[in-house]
Amino acid sequence: MASIMLRPTVVSFLDVITEVGEELLELEDVIVCKKSELLGLTLKEARIPEKTGLIILALRNQGEDQLVFNPGPEEVLEEGDTMMVLGKVHQIDQLRQMACDVR
């Protein structure tokens, strides 16, 4: 098995982006369900960062293998799409409610 070596600058960056004051940021996936208020909206229309404070890092469309990193505002959210997000637990929970992603 190959080992992964991260440069010190990258490790420092990861430490900084995952720790905000006393709170840690989580990297999570959120799935859009068929009853979601986000269904059929573009990312621009959904206004997820404004409503939740989350950063959307990537989007995987239902049935696709590849992630779209730093998805653009015109990406449309469809049933089964997965969003990779970075934020606080309560922000992720808020998006899960919007997406109807109950786990």
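The legends below describe close-up views of a predicted model.

**View 1. The open sheet of four strands, S3-S6-S4-S5.** In this predicted model, 4 strands form an open sheet in the order S3-S6-S4-S5, with antiparallel pairing. Because S3 and S5 stand at the edges and each has a single partner strand, one side of each is left without a neighbour in the sheet. Strand S3 covers residues 26–31 and is joined to S6 by 6 bridges, the two strands running antiparallel. Strand S6, residues 82–87, is in turn joined to S4 by 5 bridges, again in an antiparallel arrangement. Strand S4 spans residues 55–60, and 2 bridges join S4 to the antiparallel strand S5, which is made of residues 68–69.

**View 2. Bridge partners of Val-85 and Leu-59 in the sheet.** Within strand S6, Val-85 is the bridge partner of Glu-28, and Val-85 is also the bridge partner of Ile-56. Leu-59 can be followed in a similar way, since Leu-59 stands opposite Met-83 in S6, while the bridge partner of Leu-59 in S5 is Val-68. The strand S6 that holds Val-85 is mostly covered, with 5 of its 6 residues buried.

**View 3. Thr-82 and its surroundings in strand S6.** Thr-82 is found in strand S6, where Thr-82 serves as the bridge partner of Ile-31. The relative accessible area of Thr-82 is 13%, and because buried means under 20% relative accessible area, Thr-82 is classed as buried. When residues up to four places away in sequence are not counted, Thr-82 touches Asp-29, Val-30 and Ile-31, and also Ala-58, Leu-59 and Arg-60. Of these contacts, Ile-31 is thus also the residue paired with Thr-82 through a bridge.

**View 4. The salt-bridge network of Glu-28, Arg-96 and Asp-101.** A search of the whole structure finds 2 salt bridges, and Glu-28, Arg-96 and Asp-101 are linked in a network of salt bridges. In one salt bridge the side chain of Glu-28 meets that of Arg-96, with an N to O distance of 3.0 Å. Glu-28 lies in strand S3 and Arg-96 in helix H4 (residues 89–99), so this pair ties together parts that are 68 residues apart in sequence. The side chains of Asp-101 and Arg-96 also meet in a salt bridge, with 3.0 Å from N to O. Arg-96 is buried, with a relative accessible area of 13%, and Asp-101 is likewise buried, whereas Glu-28 counts as partly exposed at 27% relative accessibility.

**View 5. Helix H4 across the sheet, and the segment after it.** Helix H4 lies across S3 and S6, and runs at about 5° to S3. The helix contains Arg-96, whose salt-bridge partner Glu-28 lies in S3. In the segment after H4 is Cys-100, where phi is near 65°, a positive value in a residue other than glycine. Cys-100 counts as partly exposed, at 29% relative accessibility.

**View 6. Arg-47 in the loop between helices H2 and H3.** The loop shown here, which holds Arg-47, is placed between helix H2 (43–46) and helix H3 (48–52). Phi of Arg-47 is near 50°, which is again a positive value in a residue other than glycine. With a relative accessible area of 43%, Arg-47 is partly exposed.

**View 7. A nonpolar surface patch made by Leu-27, Ile-55 and Leu-57.** Together, Leu-27, Ile-55 and Leu-57 make a nonpolar surface patch of about 260 Å². Leu-57 lies in strand S4, and Leu-57 has a relative accessible area of 34% and is partly exposed. Because patches are made of residues with over 30% relative accessible area, the 34% of Leu-57 places this residue within that condition.

Note on methods: Residues are numbered from 1 along each chain as its sequence is written. This is a predicted model: local features need pLDDT of at least 70, side-chain atom pairs count only at pLDDT 80 or more; totals for chains, interfaces and linings use all residues. Side-chain values use heavy atoms; hydrogens and water are left out. Patches are made of residues with over 30% relative accessible area and no salt bridge: like charges are joined within 9 Å, nonpolar side chains (Val, Leu, Ile, Met, Phe, Trp, Tyr) within 5 Å. Accessible areas come from the Shrake-Rupley method with a 1.4 Å probe; for residues, only the protein chains shown count as cover. A salt bridge is a side-chain nitrogen of Lys or Arg within 4 Å of a carboxyl oxygen of Asp or Glu. Buried means under 20% relative accessible area, exposed over 50%, partly exposed in between (1.4 Å probe, protein chains only). Two strands pair if DSSP finds at least two bridges between them. Contact means heavy atoms within 4.5 Å. Axes are lines fitted to C-alpha atoms, for helices over the stretch in contact, and angles run from 0 to 180 degrees between N-to-C directions.
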